[in-house]
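Trainee: I am new to this structure and would be grateful for a close look at a single part of it. Please begin with one residue and its surroundings, and then place that residue within the chain as a whole.

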Amino acid sequence: MKVEAKLNPTYEEIVDIFNRALSKEAIVNIFAHCRVFYDGRAKSELGPGDRVILIKPDGSFLIHQKEKREPVNWQPPGSSVGLEVKEGRIFLRSIRRKPREILEVELLHVYLISYFQAEDYEELALTGSEAEMADLIFENPSVIEDGFKPLFKEKPIKHGIVDVLGVDKEGNIVVLELKRRRADLHAVSQLKRYVEAMKEEHEKVRGILVAPSLTSGAKKLLEKEGLEFRRLTPPKRGKSKRGRQKTLFD
């Protein structure tokens with residue numbers, strides 16, 4: 001699910017939702033009555049109160065009170081976040097390595113925990129689109145690999161539409177799934193589905209996910225399924241032609 005929320009969750013539900021959120025690299029939002037402890041360049045303690053806790057996939061960790069714009073406590077991107085239950089108490093912990101800083105939150109009561117698997121295109125939309133990535137591949141197939149020959153764009157198959165379909169230098173069918181943003185587990189599952197559909201008609205089929213970057217979960221699933229990855233950043237807008245390119249096979 002893209003969004004999941006639980007009102008007045010049990011400790012078991014908190015742990016379950018939190019772990020799912022981490023595996024999906026989702027934004028976590030918690031409304032809680034909590035205590036906050038900080039140990040780093042100084043030491044501080046914030047007594048019990050109702051706060052909003054926001055944890056982002058890049059490790060950002062923010063605690064907001066009901067007033068003011070700035071968080072009362074926070075940790076920067078790159079921090080390591082975890083959850084622990086000990087002696088019937090539940091703690092969130094964020095650790096920054098350099099300089100060493102630890103932010104610990106004791107959740108006395110959780111009113112709501114939720115996660116949101118967000119997709120944000122604003123920054124990446126400035127660099128180009130998947131259609132422009134396909135144009136670039138047709139203009140310069142070696143960005144995928146030497147000997148690669150693209151044949152179709154947006155090729156309809158049994159279970160969807162393949163972004164780019166081609167063959168490698170050995171004559172094997174190659175399915176390309178293009179993502180203009182960081183590719184996630186859904187992108188890998190989509191590629192796997194297309195490859196399996198093509199294997200119903202062809203003996204040797206390779207699947208390659210083409211994107212600027214991968215989530216850690218997507219990388220693991222690619223390796224597990226025997227699929228491949230090529231790093232490619234969408235071209236700047238206006239540097240390639242749009243539209244579906246016809247081939248002799250259309």
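Mentor: Let us take Glu-104, which, once its neighbours within four places in sequence are set aside, is in contact with Arg-35, Val-36, Phe-37, Phe-91, Leu-92 and Arg-93. The model is a predicted one, and the remarks that follow should be read in that light. Glu-104 belongs to strand β8, which runs over residues 101-116. Is this residue buried or exposed? Its relative accessibility is 16%, and because the limit for a buried residue is under 20%, Glu-104 counts as buried. One of its contacts deserves separate mention: the side chains of Glu-104 and Arg-93 are joined by a polar contact of 2.3 Å.

Strand β8 also holds Phe-116. Phe-116 has a relative accessibility of 38% and therefore counts as partly exposed, whereas Glu-104 is buried. Apart from residues up to four places away in sequence, Phe-116 touches Lys-2, Val-3, Ala-26 and Ile-27. Gly-47 lies 69 residues from Phe-116 along the chain, and the C-alpha atoms of the two are separated by 28 Å.

From β8 we may pass to helix α3, residues 130-139, where Asp-135 is found. With a relative accessible area of 4%, Asp-135 is another buried residue. Between Asp-135 and Glu-201 there are 26 Å from C-alpha to C-alpha, at a distance of 66 residues in sequence.

Helix α4 comes next. Its 14 residues, 185-198, should span 20 Å at 1.5 Å a residue, and the C-alpha atoms at its ends are indeed 20 Å apart, so the expectation and the model agree. At the N-terminal end, Asp-184 acts as a cap, with a side-chain oxygen 3.2 Å from the backbone nitrogen of His-186. The buried residues of α4 include Leu-191, Tyr-194, Val-195 and Met-198. Among the elements that cover the buried residues of this helix are strands β9 (149-157), β10 (160-167), β11 (173-178) and β12 (205-211), together with helix α5 (216-225).

Strand β12 merits attention of its own. Seven of its seven residues are buried, so the strand is largely enclosed by the rest of the structure. The cover extends to both faces: Val-205, Gly-207, Leu-209 and Ala-211 are buried on one side, and Arg-206, Ile-208 and Val-210 on the other. Strands β11 and β12 pair in the parallel sense, over six bridges, and Ile-208 in β12 has Leu-176 opposite it.

Finally, we turn to the chain as a whole. Its secondary structure amounts to five helices and 13 strands. Its radius of gyration is 23 Å, well over the 18 Å that the globule rule gives for 250 residues, so the chain is more spread out than a compact globule. Along the principal axes, the C-alpha atoms fill a box of roughly 70 × 35 × 30 Å. Of the 250 residues, 43% count as buried, and Glu-104 is one of the buried residues. Among contacts with a separation of 6 or more, 56% are accounted for by residues 24 or more positions apart. The chain exposes about 14,200 Å², of which carbon and sulfur atoms supply 51%.

Key. Residues numbered from 1 in each chain as written. Predicted model: local features only at pLDDT ≥ 70, side-chain atom pairs only at ≥ 80, totals over all residues. Heavy atoms only, no water. Helix = DSSP H or I, 4+ residues; strand = E, 2+ residues; numbered from the N terminus. Expected span 1.5 Å × (residues − 1). Buried < 20%, exposed > 50% of the residue type's maximum accessible area, 1.4 Å probe, protein only. Contact = heavy atoms within 4.5 Å. Polar contact = N/O pair within 3.5 Å; in protein donor to acceptor, adjacent residues only side chain to side chain. Rg over C-alpha atoms; globule rule 2.2 N^0.38 Å. Areas by Shrake-Rupley, 256 points an atom, 1.4 Å probe, with all protein chains shown as cover. Pairing = 2+ DSSP bridges.
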